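Hi,

Here is the structure I promised to send over. Have a look at it first, and then read on for what turned up in it.

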Amino acid sequence: MATRPPYILAIGGTTRPGSMTERVLRNALGHARARGAQVQLLGGDSLQLPLYGTAAPDHPLVQTLLSEVRRADGVILASPGYHGALSGLMKNALDYLEEARSDAQPYLSRRAVGCVGLAAGWQAGAATLGGLRGIVHALRGWPTPMGVVINSTHTRFDADGACDDAQVDQQLQTMAHQVLEFCQLHH
Ligand SMILES: Cc1cc2nc3c(=O)[nH]c(=O)nc-3n(C[C@H](O)[C@H](O)[C@H](O)COP(=O)(O)O)c2cc1C
């Protein structure tokens, strides 16, 4: 019997042209694709949502976010550190997952979630990673053992996600593979 490839959704990015957050997610999705996954990125443009609680129920970006999360077998999240925590753009997007509370598979349950915090310094990157992992727990998801902190003043990514630091690239690959391993265990 043929099994469909796992569908891995990445969420994260900023409104800044050339957002490193989005490039990091392209890198991680590239590793997932190389292992046979189908992948999708919801970057900064897709996350320009009204403040949670103010959107019309049929807002197209909200509908896309929720339908993609519901479809996903695994998730990867990345956020820049803004003033020592995840960005408001990212937190607002994650707040919308409240709409999935009554689903048969509520929130992020039964999904592994890889998390990445990146910032111009280590402290904000680590705090952002911890914040994302705490949110994943609250949303009943399974943070992967490997979480990644990236210092955006040390590491470069090109537009396709290629990384100039082999160690960071390896960490992102390990995280993406752990998301896929959980899919295999679970399905
Ligand atoms: C509003 C704002 C606040 C920031 N706060 C911090 C911070 O507290 N600590 C830090 O190390 N970097 C901070 N940064 C730097 C960003 O985390 C860093 O440049 C990140 O790579 C930006 O992501 P992007 O390239 O996807 O836009 C801040 C940047 C902005 C725009």
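A word on classes before the ligand: Ala, Val, Leu, Ile, Met, Phe, Trp, Tyr, Cys and Pro count as nonpolar, Asp, Glu, Lys and Arg as charged, and the others, Gly among them, as polar. By that scheme the shell around the ligand holds 7 nonpolar, 8 polar and 1 charged residues.

Please keep in mind that this is a predicted model, where local features need pLDDT of at least 70, side-chain atom pairs count only at pLDDT 80 or more, and totals for chains, interfaces and linings use all residues. Residues are numbered from 1 along each chain as its sequence is written, and side-chain values use heavy atoms, with hydrogens and water left out.

**The ligand**

There are 16 residues around the ligand (a residue counts as near if one of its heavy atoms lies within 4 Å). Of these, R16, S19, T21, G81 and G121 come nearest. For polar contacts I used pairs of N or O atoms within 3.5 Å; within protein, one must be able to donate a hydrogen and the other to accept it, and residues adjacent in sequence count only if both atoms are side-chain atoms. A side-chain N or O atom of R16 is 2.7 Å from a ligand oxygen. The backbone of M20 places a polar atom 2.9 Å from an oxygen of the ligand, and a polar side-chain atom of S152 lies 3.2 Å from a ligand oxygen. On its own the ligand has 630 Å² of accessible area, and the protein covers 70% of that (Shrake-Rupley method, 1.4 Å probe; for residues, only the protein chains shown count as cover).

Which elements give two or more residues to this shell? They are α1 (20–34), β3 (74–82) and β5 (112–119), with helices (H or I, at least four residues) and strands (E, at least two) taken as DSSP runs numbered from the N terminus. The largest share, 3 residues, comes from β3.

**Two residues with many neighbours to look at**

E22 is found in helix α1. It counts as buried because its relative accessibility is 15% (buried is under 20% relative accessible area, exposed over 50%, partly exposed in between, with a 1.4 Å probe and protein chains only). A polar side-chain atom of E22 lies 2.7 Å from the backbone nitrogen of G44. Leaving out residues up to four places away in sequence, E22 touches G12, G13, T14, L41, G43, G44 and D45 (contact means heavy atoms within 4.5 Å).

L172 sits in helix α5 (residues 166–186) and is buried, at 0% relative accessibility. L172 and H31 are 141 residues apart in sequence, yet their C-alpha atoms are 7.9 Å apart. With the same sequence neighbours left out, L172 touches V24, N27, H31, V116, V148, I150 and F157.

**Helix α3 and the loop after it**

In α3 (residues 88–95), M90, N92, A93 and L94 are buried. Their cover includes β1 (7–11), α2 (60–71), β3, β4 (85–86) and α4 (122–138).

Most residues other than glycine have a negative phi. Y107, in the loop between α3 and β5, has a positive phi of about 50° and is buried at 10% relative accessible area. R110 is found in the loop between α3 and β5 and has a positive phi of about 65°, but at 40% relative accessibility R110 is partly exposed.

Best wishes
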